[in-house]
Amino acid sequence: MPMLLEVRPENLEVSLPKEEEMVFVPELQSDESTSEVQEEHAVSINEYFRQVPVARGDTTCGEAAAMLSDGLEHPCIVLCDEQMKPTGLLMRENLYRLLNGRFAADLFYRKPIMNVANASPVIVDIHMEPAAIIDAALRRDEDHFYDCLLVTEQDCLLGVLTIRDVMSLSRKLQQEASTDRISTVTESGQEISRIHEAVTKLVQAANETVQEAGQVIRLSNEGEGRLRQVESSYLQVHEHMGDQGKHASQMLESIKTGAGMARSIRTLADQSGLLALNASIEAAHAGEYGRGFQIVAGEIRALAKQTREVAGNMTVLLQDIERLTQQTVSLIQASGTEIDESAKYVQEGAAAFGKLNHAVNALSCIVGTIATEGEEAGRIAANIQLKLKAMITDHSEL
């Protein structure tokens, strides 16, 4: 570190700055704005900036050297106006380099520091993001790379950040970022673990669904086959009932024919009775000669009477048979209608079973695809989980 000149020029009056000129930035109070910054950023600038002497622009280089001699730990002097707004920066090393020359005392001791100070220092606000402050420090040119950064709040000076402070701040940010990354990776690993568990359960459920779908398909096929058998039985019954209806119709025709024959027999019986009556009358006229014929006529008349009675009974019986046959035909027709309706429902049921079978097959294919994709997703999640654990291990070793 270069030292100040031990011997000053003769008659050189070096007056120390007035009390208001030697202003040190007071300690920053923990007001509401500061607490908001601390809450907003995990790394607070308040922990890094430091206070330095403040002077006006007309302060001489000799007075500035005296100010720095009173506090060797101060890296610089900040030039401010009456409102504490920074107007320039004079680094300690730059001032020493000027004052250690052979003719430095004559050239610089009485000159104001505003002539040798940096009039465009980097000024950052206390509310800026730490990363933005570091970027601003790194963007400086080489001539001023090691200059202090001026920290302000509402354009008023709070303190300065040295390059060491900026590096400490950067390291702190890196540590915080590393901690955040480890936390994020850990949380991501936990989320991936939960996703892997959920995917495993999904695959298990999908496999169970495939098995259940197989059972539903089997039962659906059985139900469809049985409905087809019922449909076939209905068709056979319908065919048999159609034949029965035809037979019943033929029976009705036969009954009608028989009724006609019974009427004809009764008519013949009536005619035979009349003929027998006429024959008896003629036999009575014949006297003794017609007695035998009269006996025969009486027998014929009795036979005609019996025939008429049998024909009447036969007619009544045929009428009852016809009535019962008509009822049978009506029942057969109603049963045929019911069988037709039932057969239609059976066909609809069989078609529904077919659609159900097709739908379950499609569902089984979809669920099988889900199970396959789920297994692949599970393998990917497990691989990601292993990589995240490796990342956490690497960060822990660092």
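# A tour from Met84 to the largest pocket

At 24% relative accessibility, Met84 counts as partly exposed, because that label covers what lies between buried (under 20% relative accessible area) and exposed (over 50%), found with a 1.4 Å probe on protein chains only. This is a predicted model, where local features need pLDDT of at least 70, side-chain atom pairs count only at pLDDT 80 or more, and totals for chains, interfaces and linings use all residues. Residues are numbered from 1 along each chain as its sequence is written, and side-chain values use heavy atoms, with hydrogens and water left out.

**Stop 1: the hairpin**

Keep Met84 selected. You'll find Met84 in the loop between strand 3 and strand 4. A quick word on names: helices (H or I, at least four residues) and strands (E, at least two) are DSSP runs, numbered from the N terminus. Most residues other than glycine have a negative phi. Phi of Met84, though, is positive, near 60 degrees. The hairpin here has 5 residues between its strands.

Now select residues 76–80, strand 3. Is strand 3 largely enclosed or not? 5 of its 5 residues are buried, so the rest of the structure largely encloses strand 3. In a regular strand the side chains alternate between the two faces of the sheet. Show the side chains: Cys76, Val78 and Cys80 point one way, Ile77 and Leu79 the other way.

Add residues 86–91 for strand 4, which runs antiparallel to strand 3 and is joined to it by 5 bridges. Two strands pair if DSSP finds at least two bridges between them. Look for Cys76, which stands opposite Met91 in strand 4. Then add residues 53–55: this is strand 2, parallel to strand 3 and joined to it by 2 bridges. Ala55 has Leu79 of strand 3 as its bridge partner.

**Stop 2: helix 3**

Select residues 92–99. Which residues of helix 3 are buried? Among them are Arg92, Leu95, Tyr96 and Leu99. These residues cover an arc of only 100 degrees around the axis (taken from the directions from the helix axis to the C-beta atoms), which puts them on the same side of helix 3.

**Stop 3: the largest pocket**

A pocket is found on a 1 Å grid over the protein atoms alone: it is an open set of points where a 1.4 Å probe fits, with protein on both sides within 12 Å along at least five of seven lines, and lining residues have an atom within 4 Å of a point. The largest pocket has a volume of about 420 Å³; a volume is the space filled by probe spheres set on the points. Select Pro75, Met91, Glu93, Tyr146 and Cys148, the closest to its centre of the 23 residues that line this pocket. Strand 4, helix 3 and helix 6 (163–286) each give two or more residues to the lining, and the largest share, 4 residues, comes from helix 3.

**Stop 4: an open sheet**

Next comes an open sheet of 3 strands, in the order 5-6-7 with mixed pairing. Strand 5 (123–125) and strand 7 (156–161) are at the edges with a single partner strand each, so one side of each has no neighbour in the sheet. Strand 5 runs parallel to strand 6 (residues 149–153), and 3 bridges join them. Val124 has Val151 in strand 6 as its bridge partner.

Asp125 is in strand 5, and its C-alpha atom is separated by 4.9 Å from that of Thr152, 27 residues apart along the chain.

Last, select Gln154 in the loop between strand 6 and strand 7. Gln154 is exposed, at 71% relative accessible area, and its phi is positive, near 55 degrees.
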